[in-house]
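Got the viewer open? Here is a short walk through the model, one selection at a time.

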Amino acid sequence: MGKTKYKKITTNDIIKLIINTTIVGIDNGPGIISPSNITSLLNTSRYQVDKHIKTLKLWGFLDYKSVNYGPEDDYSPPYKGYTLSPKGKKEWSIYIKQRQEEELKLIKECFG
């Protein structure tokens, strides 16, 4: 059995994924993403994700949150994950605005 090949990622890959999945467009979800989801979506190792998240937290770009997600009468455990901090949103504001404009253009093209 061979070793599993993981894609090498950067801190920018994680930031862009967080922006694209929690901030841009119509967000019906909890507005956060878990490290395991980041790992899966970027097809990489949990070690790499944790390493870059540690760096991003050190720079003050990420907040860790726990939110209840689902019907009010559902007693499922809270969903935990990361989102951009206010400092992260400010630092990445140009990219966020660009992605939001792209989303709006796509929505207008699809739905008029």
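Start with helix 2. Select Thr 39, which lies in helix 2. Is Thr 39 buried or exposed? With a relative accessibility of 14%, Thr 39 is buried, because the cut-off for that label is under 20%. Keep in mind as you click around that this is a predicted model.

Now show what Thr 39 touches. Apart from neighbours within four places in sequence, Thr 39 is in contact with Thr 44, Ser 45, Arg 46 and Val 49.

**Widen the selection to helix 2**

Select residues 35-42, which make up helix 2. Which residues of helix 2 are buried? They are Pro 35, Ile 38, Thr 39 and Leu 42. These buried residues span an arc of only 100° around the axis, so they sit on the same side of helix 2. Turn to the other side of helix 2 and you'll find Ser 40 and Leu 41, both exposed.

What lies over the buried residues of helix 2? The cover includes helix 1 (11-22), helix 3 (46-58) and strand 2 (79-84).

**Step off the end of helix 2**

Next, pick Asn 43, just after helix 2. Asn 43 belongs to the loop between helix 2 and helix 3. Check the backbone here: Asn 43 has a phi near 50°, a positive value in a residue other than glycine. For background, most residues other than glycine have a negative phi.

Move on to Thr 44, which is also in the loop between helix 2 and helix 3. Thr 44 has a relative accessible area of 3%, so it counts as buried. What does Thr 44 contact, leaving aside neighbours within four places in sequence? Light up Tyr 6, Lys 7, Ile 9, Thr 39 and Val 49. Thr 39, where the tour began, is one of those contacts.

**Helix 1 against helix 2**

Show helix 1 and helix 2 together. A pair of packed helices is described by the angle between their axes and the distance between the axes. Here the axes of helix 1 and helix 2 come within 11 Å and cross at roughly 105°. That angle makes helix 1 roughly perpendicular to helix 2. To see the contact, select Asp 13, Ile 14, Leu 17, Ile 18 and Thr 21 on helix 1, then Ile 38, Leu 41 and Leu 42 on helix 2. Colour the contact of helix 1 with helix 2 by residue class, and you get six nonpolar residues, one polar and one charged.

Pause on Thr 21, found in helix 1. Thr 21 is partly exposed, at a relative accessible area of 36%. How far apart are Thr 21 and Ile 33 in space? Their C-alpha atoms are 7.5 Å apart, while in sequence the two are twelve residues apart.

**Helix 1 against helix 3**

Swap helix 2 for helix 3. Helix 1 and helix 3 pack at an angle of about 80°, and their axes are 9 Å apart. Helix 1 and helix 3 are therefore roughly perpendicular to each other. On the helix 1 side, select Thr 11, Ile 14 and Ile 15; on the helix 3 side, Val 49, His 52, Ile 53, Thr 55 and Leu 56. By class, the contact of helix 1 with helix 3 has five nonpolar residues, three polar and no charged ones.

**Into the core**

In soluble globular proteins, nonpolar side chains tend to be buried together. How many residues does the largest nonpolar core have here? It has 20, and those with the most contacts inside it are Ile 14, Ile 15, Ile 18, Ile 19, Ile 38, Leu 62 and Leu 84. Helix 1, helix 2, helix 3, strand 2 and helix 5 (93-111) each supply at least two residues of this core. The largest share, five residues, comes from helix 1.

Zoom in on Ile 18. Not counting residues up to four places away in sequence, Ile 18 touches Ile 23, Ile 33, Ile 38, Leu 62, Tyr 82, Thr 83 and Leu 84.

**Zoom out**

Finally, show the whole chain. The chain has five helices and two strands, running α-α-α-β-β-α-α from the N terminus on. Of its 112 residues, 33% count as buried. Among contacts in the chain with a separation of 6 or more, 64% are between residues 24 or more positions apart.

Terms used. Residues numbered from 1 in each chain as written. Predicted model: local features only at pLDDT ≥ 70, side-chain atom pairs only at ≥ 80, totals over all residues. Heavy atoms only, no water. Buried < 20%, exposed > 50% of the residue type's maximum accessible area, 1.4 Å probe, protein only. Helix = DSSP H or I, 4+ residues; strand = E, 2+ residues; numbered from the N terminus. Arc of directions from axis to C-beta. Contact = heavy atoms within 4.5 Å. Core = buried A, V, L, I, M, F, W, Y, C linked by side-chain atoms within 4.5 Å. Axes fitted to C-alpha atoms, helices over the stretch in contact; angles between N-to-C directions. Parallel < 35°, antiparallel > 145°, perpendicular 65-115°, else oblique. Nonpolar A, V, L, I, M, F, W, Y, C, P; charged D, E, K, R; others polar.
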